[in-house]
Amino acid sequence: MKQHTVFTSLLAATLSKGAGFLLLIDPDKYEGKEVVILAERAEQYSVDAILIGGSLMLSNRLDKYIKMIKEVTDIPVIIFPGSIMQVSGYADALLYLSLVSGRNPEFLIGNHVVAAPTLKHLDLEVISTAYMLIESGRSTSASFMTNTTPIPRHKPEVAAVHALAAEYMGMKITYLEAGSGAELSVPIETIQAVAQTVDIPIIVGGGIRTPEDARSKVEAGADFVVVGNVFEQNRDNHFFRDMIDAVHTNTPKTV
Ligand code: 1GP
């Protein structure tokens, strides 16, 4: 079995920086040159890992974009698969998402069985992840595509017991997901309840648009914050830096 070098480096980043910043790149949303610029910025401002993937993947650019990213940075590239089609041997690792908030067996175990032999062949680091959709206002692509119902926003204890069950099942990390471009990000109460209940690290993402919101997720107990959508709309360098600095609570502001 492949060593967990990426996972270990992520944990080290949370210890030294307070929390880790994960930049999400959806290949459908960027042209090639834009991906290179983003990866260079990620390097400049100490992004801890680049997640790549999307819920639809209308384009066929996954391999190409990963290779382009890896030409300009050593930041780990982790596949965040929106479907079983999103696998690439050029990445460093893959979030092996089990959609534990849902009751659709294909997304709990079915797709995993289909993908497992390919992952072994590619020698990718596989990070077992308890993926939980949290209600976020309007319905999301993730909820629609997986035919699952998100956990209600006003039921933090429901999220907490799902995370606990996943921890007992041996999953390495949990991901609280509001959905890309979500109207409302994951509630503070949900993050706090999960953080008080489990010892595994917590990723929070979906609909985070300001440094203040990103910081509030860390203060509530998030170990990692994922941001993608807002950078497609706001490509300002200082905004990018401020988002990352807000998550790196232990390190001085980047200049
Ligand atoms: C989506 O959690 C990620 O899967 C990031 O969400 O694109 O809204 O930042 P945004």
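**Salt bridges in a predicted model**

Biologist: Which residues are linked with Asp26 in a network of salt bridges?
Modeller: Keep in mind that this is a predicted model. Asp26 belongs to a network of salt bridges, and its linked residues there are Lys29 and Glu232.

Biologist: Is Asp26 buried or exposed, and what about its partner Lys29?
Modeller: The side chains of these two meet in a salt bridge, 3.5 Å from N to O. Buried means under 20% relative accessible area. Asp26 has 12% relative accessibility, so Asp26 counts as buried. Lys29 has 39%, so Lys29 counts as partly exposed.

Biologist: Which side chain does Glu31 meet in a salt bridge?
Modeller: Glu31 pairs up at 3.4 Å, N to O, with the side chain of Arg61. Glu31 sits in the loop between strand E1 (20–25) and H2, while Arg61 sits in the loop between E2 and helix H3 (62–72), so the pair ties together parts 30 residues apart in sequence. At 18% relative accessibility, the buried partner is Arg61.

Biologist: How far apart along the chain are Asp48 and Lys17?
Modeller: Their side chains meet in a salt bridge at 2.5 Å, N to O. Asp48 is in the loop between helix H2 (32–44) and strand E2 (49–52), and Lys17 is in helix H1 (residues 5–17), so this pair links distant parts of the chain. Both Asp48 and Lys17 are buried. Along the chain, the separation is 31 residues.

Biologist: How many salt bridges are there?
Modeller: A pair counts when a side-chain nitrogen of Lys or Arg is within 4 Å of a carboxyl oxygen of Asp or Glu. By this rule, the count is nine.

Notes:
Residues are numbered from 1 along each chain as its sequence is written. This is a predicted model: local features need pLDDT of at least 70, side-chain atom pairs count only at pLDDT 80 or more; totals for chains, interfaces and linings use all residues. Side-chain values use heavy atoms; hydrogens and water are left out. Helices (H or I, at least four residues) and strands (E, at least two) are DSSP runs, numbered from the N terminus. Buried means under 20% relative accessible area, exposed over 50%, partly exposed in between (1.4 Å probe, protein chains only).
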